[in-house]
Amino acid sequence: MIAQKLKNTLGKIDGRAKLIAVSKKKSSETVMEAYNAGHRDFGENYVQELVDKYEAMPKDINWHVIGHLQTNKVKFIAPFVHLIHSVDSAKLLKEINKQAKKNERVIHCLLQLQIAKEDTKTGFDQTELLEFIGSDDFKSLENIQIDGLMGMATFTENEKQIAAEFEELHNFSNMLKDKFSMEQLKIRELSMGMSADWELAIAHGSTMVRIGSSIFGTRN
Ligand SMILES: *Cc1c(COP(=O)(O)O)cnc(C)c1O
């Protein structure tokens with residue numbers, strides 16, 4: 001079942017973006033079906049659940065944190081996390097840097113931008129992000145690597161609005177790529193698109209889609 005849905009999704013994506021299979025609220029047994037079908041990149045929102053799965057599952061999995069991350073929980077995932085998509089504040093990035101240093105590694109991150117026209121979603125706004133990456137504070141972070149940006153579109157049926165939000169993020173990402181060349185900032189990924197809007201996201205430059213329910217089924 002899951003192997004088939006995974007295969008269908010990968011077929012439709014057709015190599016245009018990397019698939020992060022969002023496994024939150026699904027059991028390790030369920031996620032293992034996708035693993036056994038060859039998939040290695042999984043996205044999780046909740047730290048305790050992620051740590052439990054990390055311990056229970058094979059160690060060659062790339063674990064992606066995609067949901068809002070609390071500063072005091074960074075230490076639990078710092079030893080093994082592959083990519084944190086949802087870095088939404090300077091404070092959080094500094095803590096990630098600190099924990100990465102303790103673990104003698106570099107942690108790869110994406111900066112989350114607020115693109116939705118609703119204030120339930122978190123993230124930097126453009127001005128705030130430009131100020132931060134231009135600061136000495138940012139330059140001093142040696143154990144993080146920013147690979148790109150992440151965003152979530154407004155939850156709406158209005159495709160024009162979703163497309164405009166994705167396009168705004170794409171343009172901002174291109175601008176950053178042109179303007180900033182720094183050790184800790186090498187823009188090459190754009191994480192946008194979920195089950196309902198990933199086709200549109202790819203059409204607007206997404207390189208990573210985060211798809212949960214259309215592979216694993218709806219969540220409770
Ligand atoms: C849950 C979640 C997804 C996956 O959503 P689906 O609609 O199940 O594909 C993607 N991104 C984030 C940030 C999420 O929290």
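## The ligand and its shell

In what follows, Ala, Val, Leu, Ile, Met, Phe, Trp, Tyr, Cys and Pro count as nonpolar, Asp, Glu, Lys and Arg as charged, and the others, Gly among them, as polar. Sorted that way, the shell around the ligand comes out as five nonpolar, four polar and three charged residues. Keep in mind that this is a predicted model. The residues surrounding the ligand are Val-22, Lys-24, Asn-45, Ile-66, Met-152, Met-194, Ser-195, Arg-210, Ile-211, Gly-212, Ser-213 and Arg-219.

Three of these residues offer polar atoms to ligand oxygens. The side chain of Ser-195 has an N or O atom 2.5 Å from an oxygen atom of the ligand. For Asn-45, a side-chain N or O atom sits 2.8 Å from a ligand oxygen. With Ser-213 the backbone does the job: one of its polar backbone atoms is 2.8 Å from an oxygen atom of the ligand. On its own the ligand would expose 390 Å², and the protein buries 90% of that.

## Two nonpolar cores

The largest nonpolar core runs to 61 residues, and Ile-77, Ile-84, Leu-93 and Phe-138 have the most contacts inside it. Helix H8, residues 159-179, gives the most to this core, with five residues. There's also a second, separate core of five residues, with Ile-20, Leu-83, Leu-110 and Met-150 among them.

What does Ile-84 touch, leaving aside its neighbours within four places in sequence? Its contacts are Val-65, Leu-69, Ile-77, Ile-96, Ile-107, His-108, Cys-109 and Leu-110. So one of the best-connected residues of the largest core, Ile-77, turns up in that list, and Leu-110 from the second core does as well.

## Gln-99, a buried polar residue

Gln-99 belongs to helix H5, which covers residues 90-102. Is Gln-99 buried or exposed? Its relative accessibility is 7%, so Gln-99 counts as buried, the cut-off being under 20%.

The side chain of Gln-99 pairs up with the side chain of Glu-95 in a polar contact of 2.8 Å. Not counting residues up to four places away in sequence, Gln-99 also touches Val-74, Lys-75 and Ala-78.

## Ser-206 and what it holds on to

Ser-206 sits in the loop between H9 and strand E8 (208-211). Despite being in a loop, Ser-206 is buried, with a relative accessible area of 4%. Which residues does Ser-206 contact, leaving aside its neighbours within four places in sequence? They are Arg-16, Ala-17, Leu-190, Met-192 and Ala-201.

Two of those partners come with polar contacts to the side chain of Ser-206. A polar atom of that side chain lies 2.7 Å from the backbone oxygen of Met-192, and one lies 3.4 Å from the backbone oxygen of Leu-190. As for Ala-17, its C-alpha atom is 6.7 Å from that of Ser-206, though the two residues are 189 residues apart along the chain.

## Glu-199 in helix H9

Glu-199 is part of helix H9, residues 198-203. With a relative accessible area of 43%, Glu-199 is partly exposed. Setting aside neighbours within four places in sequence, Glu-199 is in contact with Lys-12 and Arg-16; Arg-16 is also one of the contacts of Ser-206.

For a sense of distance, take Leu-129: it is 70 residues from Glu-199 along the chain, and the two C-alpha atoms are separated by 27 Å.

## Loops worth a look

Most residues other than glycine have a negative phi. Asp-14 goes the other way, with a positive phi of about 55°. Asp-14 is found in the loop between helix H1 (2-13) and strand E1 (18-22), and at 59% relative accessible area it is exposed. Lys-25 also has a positive phi, near 65°. Its place is in the loop between E1 and helix H2 (28-36), where Lys-25 is partly exposed at 48%.

Then there's Asn-158, in the loop between strand E6 (144-151) and H8. Asn-158 is partly exposed, with a relative accessible area of 38%. Its side chain reaches the backbone nitrogen of Lys-160 at 3.1 Å.

Note on methods: Residues are numbered from 1 along each chain as its sequence is written. This is a predicted model: local features need pLDDT of at least 70, side-chain atom pairs count only at pLDDT 80 or more; totals for chains, interfaces and linings use all residues. Side-chain values use heavy atoms; hydrogens and water are left out. A residue is near a molecule or strand if one of its heavy atoms lies within 4 Å of it. A polar contact is a pair of N or O atoms within 3.5 Å; within protein, one must be able to donate a hydrogen and the other to accept it, and residues adjacent in sequence count only if both atoms are side-chain atoms. Accessible areas come from the Shrake-Rupley method with a 1.4 Å probe; for residues, only the protein chains shown count as cover. Helices (H or I, at least four residues) and strands (E, at least two) are DSSP runs, numbered from the N terminus. Buried means under 20% relative accessible area, exposed over 50%, partly exposed in between (1.4 Å probe, protein chains only). Contact means heavy atoms within 4.5 Å. A nonpolar core is a set of buried Ala, Val, Leu, Ile, Met, Phe, Trp, Tyr and Cys residues joined through side-chain atoms within 4.5 Å.
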